[in-house]
Each structure stands twice: as C-alpha cells, then as structure tokens.
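Here's a walk through the inside of this protein, from its packed core to its empty spaces. Have a look at the model first, then read on.

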Amino acid sequence: MLNFTVGPVMCSDEVREIGGEQVPYFRTPEFSAVMLENESLMLKYAKAPKGSKAVFMTNSSTGSMEAVVMNCFSETDNVLVIDGGSFGHRFVELCEIHGVPHETIKLNHGQKLTKEQLYEYDGQAFTGLLVNIDETSTGVLYDSEMIGEFCKKNGLFYVCDCVSSFLADPFDMAHCGADVMITGSQKVLACPPGVSIIVLAPRAVERVVSAKVKSMYFNLADTLKNMERGQTPFTPAVGILRQINTRLKEIEKAGGSEAEIDRVAAQAEDFRSKIKELPFEFVSESPANGVTPVHPIYADAYRIFEILKDEYSIWVCPNGGNMKNTVFRVGHIGALTPKDNDTLVAALKDMEKRGLL
Ligand SMILES: *Cc1c(COP(=O)(O)O)cnc(C)c1O
C-alpha cells in the first residue's frame, strides 16, 4: 500500500514500531518527561514567542478547532472567518454553533486571499480572525504574514489552523503574531490520528485562563494547568503521544523544522514536474507544499481515486462535496520519497495507456 492522502499518512518504521508495543501507564515522571519534551519541540518548530504553551488534545483537529472557538471567543466578539473551502467553512459552522458573532470572507475554491480583499475589512469593529493557513480542501496557502500584519493593525486575536501546513510550509508564529496555532498528529507529524496540538501564545494563555467555558473536556484552562507538570486532565492517547515524541526527535536529528519543510517542498515540486505531460490541470492559485489538487481534464476524479486504490494499491485523496468528480488530491507529507512519486506517475501513465484518463 502506498498512501498519498493528506492524513493519515505513511509513518516511519520507528514510529510504527512503537505502535506495536504495550501502552504504558501515564501518571508517571517518565511520561511527564515525554510530554514536556514534546511541548518544547512543538514550541520550537512553531517558532512560538517566549511564554507560549502547547497542549496535547486527545481528539482530532476539529476538536481543537472547536476548543479554540469555545475558549478564546464569546458572544461579545465579532470575528472574521476566511472561508475558501470545507475547512474554512468548518470554522464558520463552529462560530454558529457556539454563538460567536462572525462575518465570512468567502473565496472561490482555489482562490487566494489578496491584500486588497482583506483590507476591505480594515478599521471595522472586529475582534478576531480565523484562518486555515493551508485550506487543505483546495490546497491554497494563505499568507500568514500578510494576514498577521492586518490583525496587528486592527488588534485582532489571530487564530491559525496549521493542521496540514505545520512542518510543510514556513510558519513563524512569533513573527506573524499568531495567538493560536493548531495542528494534528496525522498530517506532517506522520503519526496515527487521535492527537491534536494547540500552541497558545501568551495573549492566548491569558484569554484561556479567564474564559468561562461550558465544557469539561474542552476546558483549556484545566488542560494548561495539568500540562505544567506534563500531564493531561484525562487519559490521553498515550501510545500516539509516545509516537509523536519519536517523530519530533527524528525531525530534530534530520535538521529540524526547516529541513522537514524543505523535504516536503521538494517532494511536491518533484511530483508537479513529473505529471506535466498528463491530461491534468492544477487548481490552486497559491499552492501549499503539503498537497496538490489535480483536475483531470477528461476523466472523472473520483473514478481515478477508485481505480488507483483497487487496481494499483495506491491511495490518493478524493475530494468531497461538489468537487468530488472534478478534483482529486495528491499529498506530499509523511514518509514518502521521490521514488514513490515515480510509482504513482507510472500508474497514472499506465491508466492513460489503457484509455482511462
Ligand atoms: C485535516 C485538517 C483538519 C482537521 O481534521 P480532523 O479530521 O479533525 O483531524 C482541520 N483543518 C485542516 C486545514 C486540515 O487539513
């Protein structure tokens, strides 16, 4: 099996080995040390400002998106949401569910956010901004620095969902001024799904500590308090947290976050250059490194996904909603190499020969 989806992705052998071990009890100094090491590497790779904290949530990243909306905003806020695809739209729905007043900047699929568009909202009474830095459904990478400047100028609390862009595209939390960064275990961290990480800059820590949240599991003040000693309020996904530890140290050994970002970028570039002769179009104006959305000019995108899966044992990522039959996505994250791209491209060329493209 060769997996080019955008999560879960291929894991390294070291990470997989831990998955086969017994899961240890976790209220121990040993496990606390693992958690604190995870925190310090996460803060380093996010380039988080001094005084930032990271918490490890046992839920998928949507759970963390929800926790952030619940703990950082209330009915007295008025937030801007960048809605350029299904993940942006998820933030809109979360604001609706939790009664957070909001306005949406709606973008067409594949369209990037320009400075002109954003500054139409300049000088108005907004208090926060929510964006998915890589809108994974369309593969568009938004400019975290440009948006950060806008947030600084307008005093907005700035939330970045970096679930698929963390360690795939350059991101400097301190420099762009993000207050919150969210990511998950099954994307570039290339571990099994089940854990999501929220990095909170000092301003976000302050906000979370004084928030009045109607939730036990999503009370981030409680989570932060436990994390001071490397613990969580409830039983976490202990095995996955150990796998994350191994993976973070693997990245460190291989040259740190920059080296991993370069590796993902090279993997994307390699794939994009190798499919130039196939009857495909790229659909993103500002492509992120983690994923390439592909529009087949003649064939049905979902059918391509099915044939690759059933006849070649290769998984690409189908799209949902109204892009199901027009776009499929190829991921560049996880334990993949240019040689794996060759295997995928050979399968696609074989399909072309068979008249299936
Ligand atoms: C994958 C992803 C998520 C969340 O996915 P879960 O299925 O909840 O883990 C959120 N935002 C973005 C940008 C993603 O790519």
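Let's start with Met42: setting aside neighbours up to four places off in sequence, Met42 is in contact with Ala54, Phe56, Phe166, Met181, Thr183, Leu189, Ile197, Val199 and Leu248. Keep in mind that this is a predicted model.

Met42 belongs to the largest nonpolar core, which has 92 residues. Together with Leu129, Tyr158 and Val180, Met42 touches the most other members of that core. Another core of 25 residues lies apart from it, and its members include Ile275, Leu278, Phe305 and Leu357.

**A helix with plenty of cover**

Helix H11 takes in residues 256-274, 19 in number. From first C-alpha to last, H11 reaches 28 Å, close to the 27 Å expected. Which residues of H11 are buried? They are Gly256, Ser257, Glu260, Ile261, Val264, Gln267, Ala268, Asp270, Phe271 and Arg272. An α-helix has 3.6 residues a turn, so residues three or four places apart point the same way. What covers the buried residues of H11 includes three helices, H2 (29-45), H10 (238-253) and H13 (338-353). Strands E11 (280-282), E12 (291-296) and E15 (328-331) are also part of that cover.

**Two residues to click on**

Gln243 sits in helix H10. Is Gln243 buried or exposed? Gln243 counts as buried because its relative accessibility is 5%, and the cut-off for buried is under 20%. Beyond its neighbours within four places in sequence, Gln243 is in contact with Val15, Ile18, Gly19, Cys191 and Pro192.

Pro193 is in the loop that runs between strand E9 (180-184) and strand E10 (196-200). Its relative accessibility is 42%, so Pro193 counts as partly exposed. Not counting residues up to four places away in sequence, Pro193 touches Pro8, Ser185, Gln186 and Ile240. Pro193 and Val9 make a nice pair to look at: they are 184 residues apart in sequence, yet 9.2 Å apart in space, C-alpha to C-alpha.

**The empty spaces**

How many cavities of 30 Å³ or more does the structure hold? There is 1. The residues that line the largest cavity are Phe56, Met57, Thr58, Tyr217, Thr223, Thr232, Pro233, Phe234, Thr235 and Pro236. Phe56 also turns up among the contacts of Met42.

There are pockets to look at as well. The largest pocket has 16 lining residues, and Met70, Phe73, Ser74, Lys212 and Val213 lie nearest its centre. Helix H3 (residues 61-72) supplies the largest share of that lining, 4 residues.

As for the second largest pocket, 14 residues line it, with Ser86, Ser137, Gly320, Gly321 and Met323 the closest to its centre. Helix H4 (residues 86-97) gives the most to this lining, with 3 residues.

Here are the spaces side by side:

| Space | Volume | Lining by class |
|---|---|---|
| Largest cavity | about 100 Å³ | 6 nonpolar, 4 polar, no charged residues |
| Largest pocket | about 350 Å³ | 7 nonpolar, 4 polar, 5 charged residues |
| Second largest pocket | about 200 Å³ | 2 nonpolar, 9 polar, 3 charged residues |

So what stands out in the table? The lining of the largest cavity has no charged residues, whereas the lining of the largest pocket has 5. In the second largest pocket, 9 of the lining residues are polar.

Key. Residues numbered from 1 in each chain as written. Predicted model: local features only at pLDDT ≥ 70, side-chain atom pairs only at ≥ 80, totals over all residues. Heavy atoms only, no water. 1 Å grid on protein atoms, 1.4 Å probe; cavity = no way out; pocket = protein on both sides within 12 Å on 5 of 7 lines; lining within 4 Å. Points joined across faces, edges and corners; volume = space filled by probe spheres on them. Nonpolar A, V, L, I, M, F, W, Y, C, P; charged D, E, K, R; others polar. Helix = DSSP H or I, 4+ residues; strand = E, 2+ residues; numbered from the N terminus. Expected span 1.5 Å × (residues − 1). Buried < 20%, exposed > 50% of the residue type's maximum accessible area, 1.4 Å probe, protein only. Contact = heavy atoms within 4.5 Å. Core = buried A, V, L, I, M, F, W, Y, C linked by side-chain atoms within 4.5 Å.
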